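Let's take a walk through this fold, starting from the inside and working outwards. Have the sequence and the model side by side as you read.

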Amino acid sequence: MATRREHLLALAARRPELMASAVSGAEDLRLLMEGKNLVVVGPGLGKDPWARELLTEVLQAECPVVVDADGLNIISEDPALLKYRKYPMILTPHTGEAARLLETRSSTISADRVKAAKELFKRFGAVVVLKGAGTLVYDGKTLNLCSDGNPGMAVAGMGDVLSGVIAALAAQGLETHTAAALGVWLHATGADHLAGLQGERGMLALETVPYIRSQLNKIAKQP
């Protein structure tokens, strides 16, 4: 995890399994990305000059990139940043972020989500994961609809978990559309399993991770 220096102590105390590095700017991040085969950008990024500098650097990375949260919001304000992008990219917007990317209203996205997913692909040339009730995954050829998931997932951090799951699968060599579709399914069914045990009310994003892992391990055992 690349973050501000002042966040390192809190991260170590809360999530000791995370390998965190302080980055003051693009040069620090460039060195950190050397040899990496995938980067996630956006969760917790913010939109200040530091954030924009780091996003610009990530978009020049010579590997696939998953863009979420404030990464999407910055791109919606300055689409020209994508002129740097040469490698595969996965965008994971929720309805509001999709509306900002397409310069329209959330109600317009909700009225025709398939059209919105296709327009996002056309405009940005990336695999699109349009989150929501019935998450869509579109890569310009194949459209996948996930019918799993539940209302308890509408909490802070749930999208960050999803972007991490998709990134983990892509980093292990799965093609970007496959990683996105499988990640969406694992995320949704993991949350459904949790809801079946504890109910939907009060669900927290990190609580889904053990069940996502369980789902993936079941698949891995299949011939």
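A nonpolar core, as the term is used here, is a set of buried Ala, Val, Leu, Ile, Met, Phe, Trp, Tyr and Cys residues joined through side-chain atoms within 4.5 Å. Keep in mind that this is a predicted model.

With that in hand, look inside. The largest nonpolar core has 37 residues, and the members touching the most others are L55, V67 and L130. Helix α3 (residues 49–58) supplies the largest share of this core, with five residues. Now zoom in on L130: leaving out residues up to four places away in sequence, L130 touches P93, H94, A98, I109, R113, A116, A117, T135 and L136.

Next, try helix α2, which spans residues 26–33. Which residues of α2 are buried? They are A26, L29 and M33. These three sit on the same side of α2, because they cover an arc of only 65 degrees around the axis. An α-helix has 3.6 residues a turn, so residues three or four places apart point the same way. Flip to the other side of α2 and you'll find E27 and L31 exposed. As for the buried residues of α2, they pack against β1 (2–3), β3 (39–41) and α3. Just after α2 comes G35, with a positive phi of about 80 degrees.

Finally, zoom out. The protein has 10 helices and eight strands, and 45% of its 223 residues count as buried. Its radius of gyration is 17 Å, which agrees with the value near 17 Å for a compact globule of 223 residues.

Note on methods
Residues numbered from 1 in each chain as written. Predicted model: local features only at pLDDT ≥ 70, side-chain atom pairs only at ≥ 80, totals over all residues. Heavy atoms only, no water. Buried < 20%, exposed > 50% of the residue type's maximum accessible area, 1.4 Å probe, protein only. Helix = DSSP H or I, 4+ residues; strand = E, 2+ residues; numbered from the N terminus. Contact = heavy atoms within 4.5 Å. Arc of directions from axis to C-beta. Rg over C-alpha atoms; globule rule 2.2 N^0.38 Å.
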